[in-house]
Amino acid sequence: MKNVFCRTPLWEAAKTLAGVAQGRAPAQLVVRGARLVNVCTGEIQYPVDVACAMGRIAYVGSDASHCIGTGTRVVDAEGKYLAPGLLDGHIHIESSMLTPVGFAAAVIPHGTVGVYFDPHEICNVLGPRGVELMVEAAGRTPLKAMLTMPSCVPAVPGFEDTGASVDAADVAKAMEDPRCVALGEMMNDPGILTGADGPHAIVAETLRAERTVTGHYTMPDMDRGLNAYIASGVRCCHESVRAEEALAKMRLGMYAMLREGSGWRDLHEVARAVAGHKVDSRFAVLVTDDAHPHTLVSEGHVDRLLRRAVAEGIDAVAALQMVTINCAQCFQMDQDLGSITPGKCADLVLFDDLQNFSVRLVVIDGEPVAQDGALTAPLPAAAFPEWARRSMHLPGPVTAEQLTVRAPVDEGPVRVRTVEVIGGSAATREAIVTLYARNGQVGANPAADVLKAAVFERHRATGKFGLGFLKGFGITRGAMASTVAHDAHNLLVVGASDADMVLAANTLLGCEGGMCAVLDGKVLGLAPLPIAGLMGEGSAEEMAALVETLGQAWETLGCTLPAPFMTMALVSLACIPELRLTDRGLVDCRDFTFADLFAED
């Protein structure tokens with residue numbers, strides 16, 4: 001596979017690199033006196049010098065003085081730890097609420113040199129041309145943003161309405177682009193297992209192009225089902241929530257991507273699969289999946305994963321392998337990325353230690369781009385066309401009448417199916433609760449932690465909407481709305497008050513998308529996300545400040561969940577069990593059928 005993510009192809013740099021390694025030509029950059037984290041052998045070597053030229057590594061050894069010329073930039077590592085640049089094997093950039101430029105500015109100082117990103121959020125709204133916007137924007141930054149083409153748009157056909165769709169022909173076209181290195185997460189695992197033509201054709205186009213197929217396996221069957229899924233060509237999966245699931249995948253040669261995002265934090269459980277060196281960790285990769293702007297600002301990015309992994313008992317060097325060479329091998333790109341060895345891209349990060357992983361220097365393609373937590377490389381301003389900023393298409397304003405839930409009885413108790421969210425988890429539960437009908441209608445019961453919810457189709461002005469109830473947020477009053485609602489990203493509104501729900505929904509309609517919180521007829525917090533209703537143009541710090549205001553508003557409303565926005569965004573994610581709400585209604589994601597709102601006695 002042609003790699004366009006190195007400044008110079010190896011065939012072009014090879015002769016120069018060989019000369020620099022032997023002292024016949026000067027290096028452009030030399031790092032001296034480092035403790036090298038050798039991810040190839042799992043050891044730490046000291047002292048080690050590294051010489052770089054033409055964006056690649058020419059020499060790794062005890063003394064690079066012969067590589068130094070009059071124009072060579074020399075960095076004294078002072079015994080600090082030198083590791084390959086960090087890679088995030090699975091992330092949706094849009095979920096940071098930042099443009100690719102803003103995202104790059106936020107993560108590079110934390111040692112991230114590359115991400116394998118799946119832009120299926122913007123693809124659900126704007127289609128393949130939205131994907132191209134993301135790729136082009138990312139390409140203007142030093143960050144190696146490697147496209148994994150969205151595979152499931154819509155994620156669950158027939159159960160939700162999106163702004164676009166992707167088929168095998170779209171995937172085949174994407175695979176011709178060298179900026180595309182893989183297929184985005186194949187969420188249609190039921191389709192793969194039942195032999196459906198659509199998902200298998202998409203996978204086939206990826207395999208034909210000799211690209212990696214990334215997965216999303218949520219089935220409980222770790223025997224026949226998992227074998228079938230892997231046999232279909234899927235190489236990795238980030239949906240393990242139990243250590244036993246991650247281990248089962250690794251035993252079958254699948255890369256288990258151990259997730260620690262902002263809203264769902266699985267590492268505490270899944271780290272047990274590899275902690276303590278009980279099994280070889282070569283098939284383990286650490287990923288974020290989604291990273292909230294507040295997380296990026298206050299905790300970091302892949303460096304945060306390293307700290308969390310060490311805290312969970314994973315050896316520091318093994319953890320570094322999981323975000324360097326293991327990840328590169330998963331995507332069949334280790335010939336260029338993932339290790340500090342001769343010929344590889346000169347992507348380096350210098351740490352103070354292997355516990356806090358404080359980043360001192362970041363080098364991409366032989367060029368220093370960040371130092372002591374600050375970006376030193378210039379980045380362009382984010383620019384998106386007007387059509388990407390006009391994605392809210394409803395027939396008209398949301399009304400209170402649309403939020404009316406008709407009960408099967410005029411008066412008295414009724415049993416209602418609710419979507420129960422779980423803090424820190426992507427999963428939901430089906431919970432049957434008793435509500436009371438009044439005048440043939442049933443509403444929220446915040447005293448019992450039951451809120452009303454609505455999902456409005458916002459891509460084609462069809463007028464479709466689904467109504468339901470939620471449990472688990474702890475909110476006692478007010479309402480929240482968001483156009484970040486995986487995966488279709490329709491307009492999601494949740495609340496204890498119909499009037500506040502209407503205001504929240506129409507507030508986002510007026511600012512072309514975002515997230516807001518409302519109480520007693522007043523907007524307490526608002527984060528406009530005008531680019532596809534998913535991203536703002538501010539910096540990570542600016543977006544984090546907006547979200548912090550929203551977080552405070554959520555607390556005022558009574559919410560007790562961590563990262564409630566991320567949890568709310570999953571209410572309509574119809575590809576993960578158990579129960580979800582889309583613009584078409586309640587979906588039972590265990591057998592992929594529509595569920596009745598009212599349960600039988």
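## Lining of the largest cavity

In this predicted model, the lining of the largest cavity is made up of seven nonpolar, five polar and seven charged residues. The cavity holds about 130 Å³ of space. It is lined by 19 residues, and those closest to its centre are His92, Glu185, Asp289, Asp290 and Leu573.

Rolling a probe the size of a water molecule over the atoms shows where empty space is left. The count of cavities of 30 Å³ or more comes to six.

## The second largest cavity

A volume of about 60 Å³ belongs to the second largest cavity. Its lining consists of Pro84, Gly85, Leu87, Val113, Asp336, Leu337, Gly338, Ser339, Cys345 and Asp347. By class, five of these residues are nonpolar, three are polar and two are charged.

## The eight-stranded sheet

Eight strands form an open sheet with parallel pairing, in the order β6-β7-β8-β9-β10-β11-β12-β13. Its edge strands, each paired on one side only, are β6 (86-91) and β13 (284-287). On average, neighbouring strands of the sheet are turned by 30° against each other, direction ignored.

Strands of a sheet pair through backbone hydrogen bonds, either parallel or antiparallel. Here β6 and β7 (residues 112-117) run parallel and are joined by four bridges. Within this pair, leucine 86 is placed opposite threonine 112 of β7.

## Helices against the sheet

Helix α7 (residues 197-208) packs on the sheet, where it touches β9 (180-186) and β10 (212-215). The direction of α7 makes about 155° with that of β9.

Helix α12 (residues 302-311) lies across three strands, β6, β7 and β13. Its direction runs at about 95° to β6. Two of the strands that α12 lies across, β6 and β13, are the edge strands of the sheet.

## Aspartate 500

Is aspartate 500, a residue of helix α15 (residues 498-510), buried or exposed? Its relative accessible area is 4%; the cut-off for buried is under 20%, so aspartate 500 counts as buried.

Leaving aside residues up to four places away in sequence, aspartate 500 touches Gly478, Ala479, Val518, Leu519, Asp520 and Gly521. Isoleucine 230 is 270 residues apart from aspartate 500 along the chain, and the C-alpha atoms of the two are separated by 47 Å.

How values were computed. Residues are numbered from 1 along each chain as its sequence is written. This is a predicted model: local features need pLDDT of at least 70, side-chain atom pairs count only at pLDDT 80 or more; totals for chains, interfaces and linings use all residues. Side-chain values use heavy atoms; hydrogens and water are left out. On a 1 Å grid over the protein atoms alone, a cavity is a set of points where a 1.4 Å probe fits but cannot get out, and a pocket is an open set with protein on both sides within 12 Å along at least five of seven lines; lining residues have an atom within 4 Å of a point. Grid points are joined across faces, edges and corners, and a volume is the space filled by probe spheres set on the points. Ala, Val, Leu, Ile, Met, Phe, Trp, Tyr, Cys and Pro count as nonpolar, Asp, Glu, Lys and Arg as charged, and the others, Gly among them, as polar. Two strands pair if DSSP finds at least two bridges between them. Axes are lines fitted to C-alpha atoms, for helices over the stretch in contact, and angles run from 0 to 180 degrees between N-to-C directions. Contact means heavy atoms within 4.5 Å. Buried means under 20% relative accessible area, exposed over 50%, partly exposed in between (1.4 Å probe, protein chains only).
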